[in-house]
Amino acid sequence: RTIMKEITLACEAFQKLLEEQLERIRNMNGEKTDFSTKKQVTIGVIDGDGIGPVITAQATRVLEKLLAEEIAAGSIVIKQIEGLTIENRMACGKAIPDDVLAEIKTCDVLLKGPTTTPMGGKMESANVAMRRELDLYANCRPVCIPEKNIDWMFFRENTEGEYVLGSRGVELPGMAVDFKVTTDPGTRRIARAAFDYARRNGKTRVTVVTKANILKNNGKTHVAVVTKANIMKKTDGKFTAICHEVAADYPGITVDDYYIDIMTANLLKEPLREQFQVVLLPNLYGDIITDEAAQIQGGVGTAGSANVGDRYAMFEAIHGSAPRMIERGMGDYANPASIIKAAAMLLRHICRADAAARLEKAMAECKVEVKSDGTAATAAQYADAVMALL
């Protein structure tokens, strides 16, 4: 009887999840912000936890220098948002406290430092909550290593998969079950984002990373889809199939498929890896693969990230809050390059391409090194060097 009662409660919880996801689908509206005509853009700055305040402060300094004239004229507003700290979130019992979320929604774009997610328990990741609340469905992560002929752009679906329900699993005696969700409209819009990017930027290949080989290279151009659809037949299978449906609207672009396990190996395989251009992945696989790709580039401290929706967008480093650095008293030596790269992505998103190009050029020319062991420059010294080159 006890087991049957537990099963009944689990089924009720699952039914509620299904109802919530169907409601989420109904609320996908697609009304886009046009930054090319917007008279005032508000950039919200969130420090985060651990090394977050250190690196975010440097990225903010860089933005303030690049946008000084527009800030003075009032067409750009940089707004500090307080309260998205692990201490405040734990005290409120919410991934994003209500008053903080209200402040976030007064902004157009966000520059966000890394936030800490407590292990275990019921506290959801602040990032996962923000992606859901702002519907930031496209996680875009570039990796570029010219000397190795690598120029990759990863499009990771950001609001579905394991993450959206990761804190909503159920436990029975001797068993735990978590859930993964893949929806038609959620997959279709991330696929379109990837293909649109490929077409705008002259890319010829999109790679879908799953476990289902539906379409092979047909001699056109190239998008890759990465999943595990031979194992996750319903969710990954749906993701792969819909990506190929969308691909039919882009006749100049070739699509190929890789399973997630072999794709992790192929990113290390020369010269095969040089062929990849745009990589399209479900949520969890995208998280894993982009960390690997960043490591190939020089470490997660070198990579920026965009989380883009139709109305809002959030830009951040891809690494965590590094609490051990703070514990060792080495926070000032956190590398701000990742979040400054994210700031460049933010500038492009709000149609300040010239400022973004200046920043990217300065970062490419900067020879100052930052090392977490304290044997090189501090975060502030790195930012000083970048600003001197602007």
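Does Cys-351, at 46% relative accessibility, count as buried, partly exposed or exposed? Cys-351 counts as partly exposed, because its value of 46% lies between the cut-offs of 20% and 50%. This is a predicted model. Cys-351 returns below, after a look at the whole chain.

## The whole chain

The protein chain holds 14 helices and 13 strands. Its C-alpha trace spans about 65 × 55 × 45 Å along the principal axes. A compact globule of 390 residues would have a radius of gyration near 21 Å. The protein chain has 21 Å, so the two agree.

Burial is widespread: 52% of the 390 residues are buried. Contacts also reach far along the sequence. Among contacts with a separation of 6 or more, 73% link residues 24 or more positions apart.

The protein chain exposes about 17,700 Å². Carbon and sulfur atoms supply 53% of that area. As for charge, there are 49 positive and 51 negative side chains. The centres of these two sets lie 4 Å apart.

## Strand β1 and its neighbours

Strand β1 covers residues 41–46. Six of its six residues are buried, so β1 is largely enclosed by the rest of the structure. Val-41, Ile-43 and Val-45 point one way from β1. Thr-42, Gly-44 and Ile-46 point the other way.

β1 has a parallel partner in β2 (residues 76–81), joined by six bridges. It also runs parallel to β3 (residues 109–112), with four bridges. β3 in turn pairs with β13 (residues 313–317), again in the parallel sense and over four bridges.

β3 is buried too. Val-109 and Leu-111 point one way, while Leu-110 and Lys-112 point the other, and all are buried.

Here are some of the facing residues in these strands.

| Residue | Stands opposite | Partner strand |
|---|---|---|
| Gly-44 | Lys-79 | β2 |
| Gly-44 | Leu-110 | β3 |
| Val-45 | Leu-111 | β3 |
| Lys-112 | Glu-316 | β13 |

Gly-44 thus appears twice. It faces Lys-79 in β2, and its bridge partner in β3 is Leu-110.

## The loop after β1

Where is Gly-48 found? Gly-48 sits in the loop between β1 (41–46) and α2 (52–66). Gly-48 has 10% relative accessibility, so it counts as buried. What does Gly-48 touch, leaving out residues up to four places away in sequence? Its contacts are Pro-53, Leu-84, Thr-85, Gly-113, Pro-114 and Thr-115. Ile-81 is 33 residues from Gly-48 along the chain, yet their C-alpha atoms are separated by 9.9 Å.

## Unusual backbone spots

Most residues other than glycine have a negative phi, and most peptide bonds are trans. Three places in this model go against those habits. 

Asn-149 has a positive phi of about 55° although it is not a glycine. Asn-149 is in the loop between β4 (138–145) and β5 (150–157).

Cys-351 also has a positive phi, of about 70°, and is not a glycine either. It lies in the loop between α12 (337–349) and α13 (353–365). This is the partly exposed residue of the opening question.

The peptide bond between Glu-270 and Pro-271 is cis, with omega about 0°. Pro-271 belongs to the loop between α9 (260–266) and β11 (278–281).

Definitions and conventions:
Residues numbered from 1 in each chain as written. Predicted model: local features only at pLDDT ≥ 70, side-chain atom pairs only at ≥ 80, totals over all residues. Heavy atoms only, no water. Helix = DSSP H or I, 4+ residues; strand = E, 2+ residues; numbered from the N terminus. Rg over C-alpha atoms; globule rule 2.2 N^0.38 Å. Buried < 20%, exposed > 50% of the residue type's maximum accessible area, 1.4 Å probe, protein only. Contact = heavy atoms within 4.5 Å. Areas by Shrake-Rupley, 256 points an atom, 1.4 Å probe, with all protein chains shown as cover. Lys, Arg positive; Asp, Glu negative; His and termini not counted. Charge placed at Lys NZ, Arg CZ, Asp CG, Glu CD. Pairing = 2+ DSSP bridges.
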